[in-house]
Structures are given as structure tokens and as C-alpha cells.
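Biologist: I have a few questions about how the labels on this model are justified. Shall we take the helices before the cores?

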Amino acid sequence: MYRKAYIATALALLVCAVPLSCRRSGLDGEAKAALKTLDRTLANAPVYDRAKQRSIDSLKVQLTGADASSLPSCYGRLHDMYYSFQSDSAMHYTTLEYKAAVSCGNEKHRVNSLLNIAQLNNITGNYSDARGILDKLDRSTLSPSHFARMCSVYNILHEYSAKISLGPHQAEYHRAKANEYKDSLLAMGENIFVHTHKLMVEGKMDLAMEMIKDYCDSLPLDHPKKSMAAFLVSIIYMERGKGYENEEITYLAQSVTSDIITARKEHTAMIQLASILFEKGDLKRAYRYINKALDDATRCKANMKMESISRLMPTISDAYERMVRRNYLMFSLAIAAICLISFLLIRSVISQKKQKKELAIINRQLGEASNIKNTYITQLILECNSRIDRLDQYRKDLNRKAQSGDRDSLLRELRSHSVSEKEWKSFYDVFDATFLSIFPSFVKEFNRLLIPGGEIVPRKAGVLTPELRIYALIRLGIDSSEKIASLLRYSKTTIYTYRSKTRLKSFNPEEFEDEVKKIHSI
């Protein structure tokens, strides 16, 4: 009963351990598939980084044989390769682009490098430096492409400035300036990202979705514009509120996957995705994604991203550590339950085997006792029948002698012990034969218990010696010296002497007779 109670308790611990260690995220098939794709891509992130680095190294080789006039272009392309991959290296090469452009009088690359530097200052959070560079540009001399880039950098500058403004009036100023630059970009031509963002700022989410979603879905994950397009779609779904979480997660996962494939290290989408998954209870992914975002932001020197991560990181890390501790506790409880169940099962199996063995011994002993009883009963009946016949014949012989008047012969017969001796001999013969038929190896097994030289060997096969008859009776369960003496017509002293001498010739005198009782029958 106690064993069953232990097993029930252990199973309860094991079952209860499972629900506490996991929570359902409630995601649909498309969101789950997008996250699985992201996880596989994230596992291969070093492969994409190495491919990007090989492309950069290949471009650096071209610097060796480049002349002064081609250096600005080479440095500019290295900036483009390092942008969103490693911002300090991007800054280094665009600074070299500026110096090389000034040295050879290349105005195009001089302005390009200044715009690059301003854009990098936006990424690293140096907004005043970015503004200083942009404000010094002579707009009248800018080419259309440079003017468009200037508006784009200004737009980003004011967007960021609006987020960190100290008051509503300052934030509204920056938002208004950002819209002005958006309008300028739109006036210069169709820009789907700028147009979509402007519609979103104006609250026209349905129009924004119509503009960007089909375009986003048409782009493969390795397309350089896929990340931005998917991120904009996710924001629109987020603005729609509850009921669209699966779609938001799907497009955030696509944006992050594209970033990893193209080796971009500015994971705005990954930070947002980590935050949502944290709220939904998927702590493992949230912890993995926020750590990846932190590593990449640190490598890219993206200070704005690092600030966002630093606000979210402690919350996710604490929750993840609590989950790990809880899971470790549940795992420990599960292991303890399994060990307890295993111990109880093993003990139960051992106990059952022991019981089966004991039952087999009992059955064998019962079978042996039954065989001995049946054999001796049969022999007793036969011997009694034979003895009745012999006594009847003896009676007839005495009767004849009495009727014939042969008084002397009759007296001699009555005084003689020959008849009783014959009967006792017959008894011993029947006893020996019957016993050895049941225990054919008794003499051999008995002598194995005696030390060398102390063996008892019968003079004739099939006949027991007095000592062997004594121990044959003991094997049959008659171990009282008084009963043995009565059956064998010896004095109790003789029986005691035989038993003592035989025990002293055994290997283990104290347990000798117990060992004799264990000698098997057929």
C-alpha cells in the first residue's frame, strides 16, 4: 500500500512539472513558420556575416593598385558595405573618401562623404554633429540625387529628434520639419517608403497598407529593401491593435530574417519582436533575440538601438533567469520523481523475484513432501500386506506343530528371535530401498558435507549404514533422538553418539544437520 502511495506521489510530481515549465504562445501557423525560419536563419548568422566580410575583403584588395582619382569611389563603396554592418569602419572609410575627394578635387564624392558622415551620426545618436554637417551644405550646388539624400537624412534626424524631445512643442516642431522633408522627397519622385510612412503619420493606415503590403510580399528575403518593407507592414498591423498580433509577428520575423541574411546590424525589428514575444510568454526566443540585437548594436556602434535595448534587456533577462530557475527546479523534481519511481519499481521487481523464488522453493518442498508421503504410504501398504501374509503363514506353522503334539519344536520356535529379526531386516530393506528411490544421490550429497577421510560408504549398494539411516530419518523430518531410537531399535545414547561423531567429521558441525535437510529428492 505504501509503495503505491509513493508511486502516485512521484507521478503527480512528474505530471505537474510539465505545465509549469512552458506557456502556450497562441500563434497561428504563418507566424510560427516565420519564427521557425528566423530561428534557422539566426543559427546561420555567422555564415552570412562571413560572406559579407569576404565581399568587403575583396573590395579592400582593389585599394592596393588604385590611383588617386579612383580612391574616393573605392572608399565610398567600402562605406556602403560597412554601413549597417560596422558603423565605426563605415565612418573610417567615408572619412577617407572625404579626404581623397578633397585631395583630387572630386566634388561629387566630397558631398557624398559628408552626407554619409551625417547619416552615420544619426545612427550613433550624434544629432548635433549631423545637423552641423547638413546645415553647412550649399543646397544650390547639390545634384538632385544629393539633394534627395540630404532630405532623407534630415527627415531621419527630425524623426529621431521628435522622439527625444523634452516637450510637446519641440516634438511637434521636429515632426513638422520631418513632414516637410518627406514632401520634398515625394515631390522629386515616387518613393514608396517615404509615401507609406507619410500616410502612416497622417493616420491613413488602410491606404498605407494598400501601398506597401503587396510590394513587401513580392520581395524575397535576401532583397535589401525587404527588411524595411516588412517592418512598415508590421507597424501598420500593430496600429490596428488586438486581433492582428499574428500578422505583426509574421512581418517582424520576416524583417529580422532579411536583416540577418543581408548582414545588417541595426535590428529595430528584432527589438520590437523580442518585446512582443516576451509579453506572450515566449521567453526563450525573447531572450535570444534581445541578446542578438545587443551584440549586433554593439558591433555596429548603433547607440540609439543600444538605448532601446538597455531599457528592455533587464526585464527580459530577469524573466528568463526566473524561467530557467523554475525549469531547473521542475527538471530536478521530474528527475527525483523518475528516480523514486525507478527505485520503487526495481525494489518491486526484486521483491517479486524473491517471492517467486521462495514460492518455487515452497512448491518444490511441497512436491517433494507429497512425493515422499505417497511413496512411503504405498510401500507401507505393500509391506503391511506382506507382513500379514508372513504372520498368517507363521500362525499356520505353529498351529500344525501344536496339533501334531510336537511340543519341543513349538517351544523352540516361540523362544527364537529369528522371526522378529527377519521382520526388522525386512523393515530396514524396505526403508533403505524406498528412501534411496526418493533420494538417489543422498549418500553422495551427504558425503560432500564431510571432510576428506570422514565419508561413510555403505558396504553394499542400496543398503544404508546405521549412521546413514539416522540421517535419512532426519532428512525425512524425524530429528528427535528418542523417535529415531524407537524406529531403529537403538538406545538414545547410541543415537546421540552416532550423531555427534558424524557432525564432528563435517565441514560445518553447527549447520551440518540443517544442510542434510536440504538434500534434494528426485
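Modeller: Yes. This is a predicted model. Start with helix H9, residues 168–187.

Biologist: What span does H9 reach, and what is expected at 1.5 Å a residue?

Modeller: H9 has 20 residues and reaches 28 Å from its first C-alpha to its last. The expected span is 28 Å, so the value is close to expectation.

Biologist: Which residues of H9 are called buried, and what makes them so?

Modeller: Ala 171, His 174, Ala 178, Tyr 181, Lys 182 and Leu 185. Buried means under 20% relative accessible area, so each of these falls under that cut-off.

Biologist: How do you know on which side of H9 they lie?

Modeller: The buried residues cover an arc of only 105° around the axis, which puts them on the same side of H9. In general, an α-helix has 3.6 residues a turn, so residues three or four places apart point the same way. On the other side of H9, Pro 168, His 169 and Ala 187 are exposed.

Biologist: What covers the buried residues of H9?

Modeller: The cover includes helix H7 (127–135), helix H8 (144–163) and helix H10 (192–201). Gly 189 follows H9, with a positive phi near 150°.

Biologist: How many residues has the largest nonpolar core, and why is it called a core?

Modeller: It has 26 residues. It is called a nonpolar core because its members are buried and joined through side-chain atoms within 4.5 Å. Leu 35, Ile 249, Leu 273 and Tyr 289 have the most contacts inside it. H14 (268–279) supplies at least two of its residues; its share, 8 residues, is the largest.

Key: Residues numbered from 1 in each chain as written. Predicted model: local features only at pLDDT ≥ 70, side-chain atom pairs only at ≥ 80, totals over all residues. Heavy atoms only, no water. Buried < 20%, exposed > 50% of the residue type's maximum accessible area, 1.4 Å probe, protein only. Helix = DSSP H or I, 4+ residues; strand = E, 2+ residues; numbered from the N terminus. Arc of directions from axis to C-beta. Contact = heavy atoms within 4.5 Å.
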